[in-house]
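Q: Could you take me on a close look at the largest nonpolar core of this model? I would like to know which residues touch the most other members.

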Amino acid sequence: MDNCSSAKFPMAFGYKFFADPSGESVDHKMYRGMIRSLMYLTASRLDIAFATGFCARYQAAPKVPHLTAVKQIFRYLKGSKALGLWYPAGNGFSLQAFTDADHVGCRLDRKST
C-alpha cells in the first residue's frame, strides 16, 4: 500500500455490499487484522468510523468487494494523515453529540443504520 494513490473519501457514495455466498473469498485472518487496525484508529479518526463499522459486518466470510472497500479506507488514510483528534492530557473537555438515525436504510436486511 506504500505505492498506491490516495483517495478523497473513506467509502464511495452509494457503494453497495452484497452478502454473496458464491463470491471469491479472501483470507479472513488478514481481513480481521485490517479491521482491527481500523477500529483502533477510530478513537482519533471519527471520519472512518462508519465505513469501518460497515466493513466489520462481513468479518465472518469476507469477499473480494469487502477487501476492496477496506483498502479504500487505507488509501483515504494515506491521503489525510494530517487529520485527527488530539486529546490533551490533564485537560477536561465536554463532549456533546447529536445523531440522525436512518430507519430501515440498509437494503440488505432492512435494519437501521
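**The largest nonpolar core**

A: Happy to! Of the 20 residues in the largest nonpolar core, those touching the most other members are Phe-17, Tyr-31, Cys-55, Val-70 and Ile-73. Such a core is a set of buried Ala, Val, Leu, Ile, Met, Phe, Trp, Tyr and Cys residues joined through side-chain atoms within 4.5 Å; buried means under 20% relative accessible area with a 1.4 Å probe, protein chains only. At least two core residues come from each of H1, helix H2 (49-56) and H3, and H3 gives the largest share, six residues.

Please keep in mind that this is a predicted model, where local features need pLDDT of at least 70, side-chain atom pairs count only at pLDDT 80 or more, and totals for chains, interfaces and linings use all residues. Residues are numbered from 1 along each chain as its sequence is written, and side-chain values use heavy atoms, with hydrogens and water left out.

Now to Tyr-31: leaving aside residues up to four places away in sequence, Tyr-31 touches Cys-55, Tyr-58, Gln-59, Pro-62, His-66, Leu-67 and Val-70, a contact being heavy atoms within 4.5 Å.

Around this core, the protein chain has three helices and zero strands, taken as DSSP runs (helices H or I, at least four residues; strands E, at least two) numbered from the N terminus. Buried residues are 27% of the 113 in the protein chain.

As for confidence, pLDDT runs from 0 to 100 for each residue. Among the elements, helix H1 (residues 28-41) has the highest mean, 93, and helix H3 (residues 64-79) the lowest, 89.

Terms used: pLDDT is the predictor's confidence in each residue, from 0 to 100. Buried means under 20% relative accessible area, exposed over 50%, partly exposed in between (1.4 Å probe, protein chains only).
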